[in-house]
Amino acid sequence: MVENDHLSECEMPSIIQQCSDMEESTDLYAEYETNGHPPWADHHQSGEDLDNVDCLRRKIKYYFMNPCEKFHARGRKPWKLCLQIIKIAIITMQLVSFGLSNQMVVTFREENLMTFKHLFLKDYVDGSMDTYAVYRQTDVYDHLDYIIQQYGHLHNTTVGNHEYEKDGASYTPLSLCQSYYRNGTIYPGNETFEIDAQVETDCLDVYPMYHPSLRGVLPDFELRFKTMISVNVRFVLKAINLQTVRHRELPDCYDFTVMITFNNQAHSGRIKIDLENDVDINECRDWKVTGASPRNIHLTLLFDSLIIITCIISFTLCMRSVLTGIRLQNEYTLYCRKHTGKDVPWSDKLEFVNGWYILIIVSDTLTIIGSILKIDIQTKVLTSYDVCSIFLGTGTMFVWIGVIRYMGYFKKYNILILTLRAAFPNVIRFICCAGIIYLSYCFCGWIVLGPYHEKFRTLNTVSECLFSLINGDDMFPTFKNMKQKSSLVWVFSRVYLYTFVSLFIYMILSLFITIITDTYDTIKQQQQSGTPTTELQRFLSECNDLPNSGVYRLKEDNCFLNCCINRYFRENCYSKFNNWHPCEKANQFRTNESKNMVSVSKTYYFVVTRCNI
């Protein structure tokens with residue numbers, strides 16, 4: 001018979017089973033000895049160590065529970081889940097509000113850019129900016145003269161509310177600058193030249209409504225076409241965006257810095273003309289709106305502040321969960337080294353690092369930064385809509401991606417999420433290998449086909465063209481637009497394109513799909529079998545306590561107190577408990593187990609089952 005004076009909680013069910021089978025078998029330990037044991041069961045452990053192990057199992061199992069299971073286990077409300085749902089709603093509302101406001105800004109900016117092109121570019125037609133250029137010297141002078149005339153008579157030509165910028169009491173002038181090489185003599189007929197690479201810039205100012213034409217500004221003005229690099233015309237116009245009044249928002253004042261460039265860097269006989277504008281948004285100095293009540297900006301600022309506070313709380317809760325996972329990882333690692341003498345594999349260590357929490361932390365950080373920038377934009381401290389849009393857009397995208405985590409609590413959706421997570425390492429390795437082949441085709445196509453195909457002129461366009469071919473887009477024009485000036489290059493282009501399409505579409509993409517399907521089948525088989533596949537899963541499988549059993553209601557901080565109580569009653573009840581027959585001990589354990597004391601207190605449960613109280 002067993003004479004162990006430290007009968008643990010895990011040994012009692014085994015003794016119960018033995019005593020119930022005494023009439024049918026004389027070998028009480030036949031079944032006990034044939035059962036398999038995990039590695040940590042081969043080491044002798046005291047009762048106190050077993051209690052610590054059970055406590056560690058429950059803490060780890062509780063950490064991996066979903067919010068509903070944690071609610072049944074300890075009665076704690078799923079505040080983190082509720083906070084994430086609220087955060088998704090208010091962040092989406094913030095993004096929609098900012099998007100509508102940003103849309104009006106973008107529309108006003110783009111329409112003004114189109115207006116400036118029609119006002120200051122001679123004979124401009126929509127969509128002709130790529131081919132808009134001049135080829136004669138007289139055309140260059142005519143275009144410059146046209147710009148100055150249109151600028152001088154802006155009040156009589158524009159249909160918008162554009163106005164010149166003022167510096168005090170006077171208007172700011174238009175700036176006309178010519179950049180050219182300092183000295184140079186070029187004789188293409190003799191195939192000789194002499195040039196100084198230093199660039200000089202000459203500028204002159206033209207004040208509005210004082211000089212109607214270029215000749216009126218400077219009759220002797222002359223362009224150095226042989227050495228000229230570029231001619232830049234720059235001026236500032238002001239306007240007010242009145243369309244926001246309809247949306248109960250105060251109009252903003254805009255400063256448009258218009259830059260017209262005559263590009264002659266190639267000296268090919270074709271001078272390209274381009275017009276661009278930079279926008280500065282400012283709060284109007286004095287305003288009065290009647291017939292409508294403007295939206296109170298303080299409410300918007302209060303709403304943005306609420307989002308910042310919500311994200312800070314979410315950031316804190318998720319960071320605490322991440323730190324808890326790291327702490328449990330360290331405890332589990334120390335336990336395995338102490339009792340099994342083995343190091344925990346990285347796959348088990350990474351199980352304690354919840355990637356969803358990391359994603360929420362990143363999204364909260366981006367949303368906080370974006371909300372601060374949004375507040376600065378609304379108070380006219382900043383005008384960087386693009387930077388704010390990147391932070392808010394990326395943060396909202398990560399928030400919505402985090403919703404997938406809660407869909408994983410459903411069995412049918414969970415297998416898809418597990419497949420994506422399990423296949424991710426293999427997918428990254430596959431992309432690295434396929435990316436090397438992809439880059440090799442990019443470099444080859446750029447250097448060989450670039451002079452003969454417009455889609456291969458730069459590495460960026462080459463990458464975009466090849467990626468489109470992988471997806472089956474724009475395939476026929478890519479073959480057709482290849483110039484046939486060189487028969488050798490034309491034949492090479494056919495071999496190049498056919499091999500690329502065949503390799504990536506028929507082989508690499510098929511292998512990529514195979515990786516996903518194999519991982520899906522593996523995960524599906526593991527779920528159907530229910531067999532633990534890792535040491536961590538085997539370790540947790542020893543804990544059969546359900547979330548609603550009540551044993552999890554003992555706080556983690558009381559595990560040490562629990563162990564001390566157990567040790568005290570072991571030492572004091574030893575003389576009484578050790579003299580019992582194993583079957584009497586089993587019957588006592590079965591009797592007290594039916595009292596449902598465990599829902600009241602785990603500590604009291606241990607006291608009852610270990611000492612007849």
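C177 and C203 are joined by a disulfide, with the sulfurs 2.0 Å apart. That's the one disulfide in the structure, and keep in mind that this is a predicted model. C177 sits in strand 5 (residues 174-181) and C203 in strand 8 (residues 199-206), so the bond ties together parts that are 26 residues apart in sequence.

**The disulfide and other cysteines**

- The link of C177 and C203 is right-handed, with 110 degrees about the S-S bond.
- The two partners differ in cover: C177 counts as buried because its relative accessibility is 13%, while C203 is partly exposed at 48%.
- C442 is in no disulfide, and the nearest cysteine sulfur to its own belongs to C465, 9.4 Å away.
- C442 counts as buried, at 4% relative accessibility.
- Seen from the other end, C465 is also in no disulfide, and its nearest cysteine sulfur is that of C442 at 9.4 Å.
- C465 counts as buried too, with a relative accessibility of 6%.

**Helix 12**

- Helix 12 covers residues 385-401, and at 1.5 Å a residue its 17 residues should span 24 Å; the end C-alpha atoms are 24 Å apart, so the model agrees with expectation.
- Its buried residues are Y385, C388, L392, G395, T396 and V399.
- Those residues cover an arc of only 115 degrees around the axis, which means they lie on the same side of helix 12.
- As a reminder, an α-helix has 3.6 residues a turn, so residues three or four places apart point the same way.
- Over on the other side of helix 12, D386 and I390 are exposed.
- What does the buried set pack against? The partners are helix 5 (79-120), strand 11, helix 11 (355-378) and helix 13 (403-407).

**L275 in strand 11**

- Strand 11, one of those packing partners of helix 12, runs over residues 271-283 and holds L275.
- L275 is buried, with just 2% relative accessible area.
- Leaving out neighbours within four places in sequence, L275 is in contact with L113, F116, K117, L121, M129, V258, M259 and I260.
- For one of these contacts, M259, the C-alpha atom is 5.7 Å from that of L275, although the two residues are 16 apart along the chain.

**The chain as a whole**

- The chain has 613 residues, of which 39% count as buried.
- It contains 22 helices and eleven strands.
- If you take contacts between residues at least 6 apart in sequence, 71% of them join residues at least 24 apart.
- About 35,800 Å² of the chain is exposed, and carbon and sulfur atoms supply 58% of that area.

**Where the confidence is, and isn't**

- The average pLDDT over the chain is 77, and 76% of residues score at least 70.
- Which elements sit at the two ends of the scale? Strand 1 (residues 133-134) has the highest mean pLDDT, 93, and helix 2 (residues 30-34) the lowest, 35.
- Residues 1-37 have pLDDT below 50, and in the model this stretch has 49 contacts beyond near neighbours in sequence.
- Residues 40-44 also have pLDDT below 50, with eleven contacts beyond near neighbours in sequence.

Note on methods:
Residues numbered from 1 in each chain as written. Predicted model: local features only at pLDDT ≥ 70, side-chain atom pairs only at ≥ 80, totals over all residues. Heavy atoms only, no water. Helix = DSSP H or I, 4+ residues; strand = E, 2+ residues; numbered from the N terminus. Buried < 20%, exposed > 50% of the residue type's maximum accessible area, 1.4 Å probe, protein only. Contact = heavy atoms within 4.5 Å. pLDDT = per-residue confidence, 0-100. Expected span 1.5 Å × (residues − 1). Arc of directions from axis to C-beta. Areas by Shrake-Rupley, 256 points an atom, 1.4 Å probe, with all protein chains shown as cover. Disulfide = S-S within 2.5 Å.
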